[in-house]
Amino acid sequence: MISAIAVMALGAVILGALLGYASVKFKVEGDPLVDKIDGILPQTQCGQCGFPGCRPYAEAIAKGAEINLCPPGGAEGVQRLADLLGREVKALDAEEKPKAVAIIDENTCIGCTLCIQACPVDAIVGAAKQMHTIIAPLCTGCELCLPPCPVECISMQVITETVDSWKWKYPVVDIKTTGMTSTRNTPTGGAGGIKAA
Amino acid sequence: MLQLFKFKGGVKPATNKTQSVSQPIAIAPLPSHVAVPLHQSIGGTPRPIVAVGDKVLKGQKIGEADGWISAAVHAPTSGTVIHVGQQTVPHPSGLAADCVVIEPDGKDEWIERKAVDYRSLAPETVRELLREAGVVGLGGAVFPTHGKLTPAKSVPMEQLVINGAECEPFITCDDLLMRERGEEVVRGAAIFRDLLQPQKVLIGIEDNKPEAVAAMQAAVKAVGEDFEVIAVPTRYPAGGAKQLIRVLTGKEVPNGKRSTDLGVQCFNVATAYTAWRALAHGEPVISRLVTVTGNVAKPRNYEALIGTPMDELLALGEPKADTNGIIMGGPMMGFLVPDVKVPVVKATNCLIAHSDALFPPKAPEMPCIRCGECARACPHELQPFEMYWFSRAKNFGKTQEYNIFDCIECGCCSFVCPSRIPLVQYFRFAKSEIWAREKEKKASEIAKTRFEFKQFRDEREKQEKAEKLAKAAAAQAAKKAAEAAAAQATGEAAEAVPPPAAAETSPADAVKKAAIQAAMARAKAQREAAASRNTESLTAEQQQDIQAIEARRMASGLAVPAEPKAE
């Protein structure tokens, strides 16, 4: 009886020590859920969600904030957040905008550096009383540089599709019946690129 | 005789090649204008180096290669540049890209062509020359050739495969090239051989081209090389690089590896031909053989300038009245060009006049019945029905698990599908969607690191500012304290020499304090000088009074006698 209790107690002590050690040794810094949420957010750092950046919004979501506040992430972002968190998909709380890049009208720019300070990703170069310009590949299209500009020389330009960025479209089947002639014996049965419109 | 291997899958569509091989290669007449797209090969987009109004000569470079994996582009004929900018290009999107448009002057005047003996040059120089001549893979992938001509250090190069299989229906340009210009193809292959130093050179040609096989065998003998010309069984897509390598060498290129990792490299016959022309004749790639066929009265192969409008080239074949479009490439992998006026590019091996009689519209798509025909037909041993399922559901992670990126889009699966599902379209959709996402992800990662760095920097600046302010405040306080101390000291010993700086203060502070003391002394002196101003113009009586007072003060020891200094 006593030996049984002793054995159980010993086991409890050993396992407790093991658990205690593991919790110290394998301690996870930060909240892994926040990292996962942050990975889904588009990192535009635009603050349109009402939080100062993507990470703070990720932290807020982890604590229970709404998941439909991120316009750059779009409906797909909401869907992915819902999948991750097991929450219900909601309609986006703002309208979705096409991706854009900020352009500085270099003739109007007075070199005040206000936009440089506002840019969350340091995508604007320039110096006091020198013309500023935007490094387009780094611009996230957050529009944070628009309000501080005293001469309104910054505009958003929607990114147009180029040959390099063009994507094949999801195949759509015409409803119209074109007869049931088999096309198996003609080479156009191939890649289908021919009717790829 | 070499033992041949087999690749799994493949299909046997009607070849439709005989129509266009009865006539020899013809030189296409000079077009009304040539529009040369700057981006014609994989890799960087060449920068235009000509401006509107410039006179250019045939073969003059008009686009400078951008980066190592990129190839220069050249003026196909002499004339005047009339436009540099966006023009519709032969791309399934129908979008525009940068082009240089040249109006020919009709003289077709060459630049000075410099032939070189490549054997006397360093391999790097030869690769550089090929890059400058715009030599790219003309089989369809248009990968810059010089980028494939560096032998791998770790793996010895065993076989060099020269691809003359030309497996796609309708296309016969490589066939005619081998028949008529076989010697130059062999010499071009010798350049690649000399650069890569393989143990063997194998020229693979589908056995439905016996004339080409015979011509190449004769050419190899005439040049005196020991290349093996091998007829391979006709089965689409035997001309795929990986398939031909499999058939000729038995080596299977695994997922994620390149053929060079297995000691094999593969080039198209037309690429070998242009490489030879570039080095031995100094001619950059400004033209190529194009098969004009399909719904035309006179199908034939033409040597056409790059940039020739497709409708002008197709007109040479006299298209029939019901022609309603042009397919660039073959019927399996080609696409209907968005505009018949788009230019011929380096990747244009064939133009097929499209008509509904020749290519009847596809019947509607039916549900997948999971018969597995597509998996049996796939030359890469993929599972198209699974990839289709996940592409359709936009479950892109799963498509990657089924190795969608190994798909060469040959179209065998769509060809055999009894439900007429456009499988390749689904795969292309999934692939481009995955690429776009990867790009977006990379961009967002960059944005994240930059944002975090900016935050860190802002924080650091704030801290530095605070520290600076604290320092300034401390200095101010110290100064005040010192001043107070100094004032006290001067008050205590008003008549004495300024007291030495306090021992506990640092030398810098001492200097400062001394300066302050000096300034204060000067001020005092000034005050005194000003104070004595009212002593001028006094009456004798008053002066006597003052002297009496001074005498009294001196007697009582309050003042230092002023006179002794003067004495």
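Two residues are taken to be in contact if their C-beta atoms, placed from the backbone, lie within 7 Å. The views below show a predicted model.

**View 1. Helix α4 of chain B and the strands against which it packs.** The buried residues of α4(B) pack against four strands of chain B, namely β9 (159–163), β10 (200–206), β11 (228–232) and β12 (264–268). Within the helix, which spans residues 241–249, eight of the nine residues are buried, and α4(B) is therefore largely enclosed by the rest of the structure. The buried positions are B:Ala241, B:Gln243, B:Leu244, B:Ile245, B:Arg246, B:Val247, B:Leu248 and B:Thr249. Just after the helix comes B:Gly250, whose phi is positive, at about 80°.

**View 2. The crossing of helices α2 and α3 of chain A.** Two packed helices are described by the angle between their axes and the distance between the axes. For α2(A), residues 32–40, and α3(A), residues 54–62, the axes come within 8 Å and cross at roughly 125°. An angle over 145 degrees would count as roughly antiparallel and one of 65 to 115 as roughly perpendicular, so α2(A) and α3(A) are oblique to each other. Their crossing is right-handed. On the side of α2(A) the contact is made by A:Leu33, A:Val34, A:Ile37 and A:Asp38, while α3(A) contributes A:Cys54, A:Arg55, A:Ala58, A:Glu59, A:Ile61 and A:Ala62. Taken by residue class, this contact holds seven nonpolar residues and three charged ones, with no polar residue.

**View 3. The two domains of chain B and the contact between them.** Chain B is divided into domain 1, covering residues 18–354, and domain 2, covering residues 373–521. Taken over C-alpha atoms, the centres of these two domains of chain B are separated by 46 Å. Seven residues of domain 1 of chain B are in contact with eight residues of domain 2 of chain B. On the side of domain 1 that touches domain 2, the residues divide into four nonpolar and three polar, and no charged residue is found there.

**View 4. The surroundings of B:Asp54.** B:Asp54 is placed in the loop that lies between β3 (47–48) and β4 (55–56) of chain B. Because 17 C-beta neighbours lie inside 10 Å of this residue, B:Asp54 counts as partly exposed; 20 or more would be needed for a residue to be buried, and 12 or fewer for it to be exposed. The C-alpha atoms of B:Asp54 and B:Val81 are separated by 5.4 Å, although the two residues stand 27 residues apart along the chain.

How values were computed: Residues are numbered from 1 along each chain as its sequence is written. Chains are lettered from A and ligands numbered from 1 in the order in which they are written. This is a predicted model: local features need pLDDT of at least 70, side-chain atom pairs count only at pLDDT 80 or more; totals for chains, interfaces and linings use all residues. Helices (H or I, at least four residues) and strands (E, at least two) are DSSP runs, numbered from the N terminus. Axes are lines fitted to C-alpha atoms, for helices over the stretch in contact, and angles run from 0 to 180 degrees between N-to-C directions. Angles under 35 degrees count as roughly parallel, over 145 as roughly antiparallel, 65 to 115 as roughly perpendicular and the rest as oblique. A crossing is left-handed if the near helix is turned anticlockwise from the far one by less than a right angle, and right-handed if clockwise. Ala, Val, Leu, Ile, Met, Phe, Trp, Tyr, Cys and Pro count as nonpolar, Asp, Glu, Lys and Arg as charged, and the others, Gly among them, as polar. Domain bounds come from an automatic or database domain assignment.
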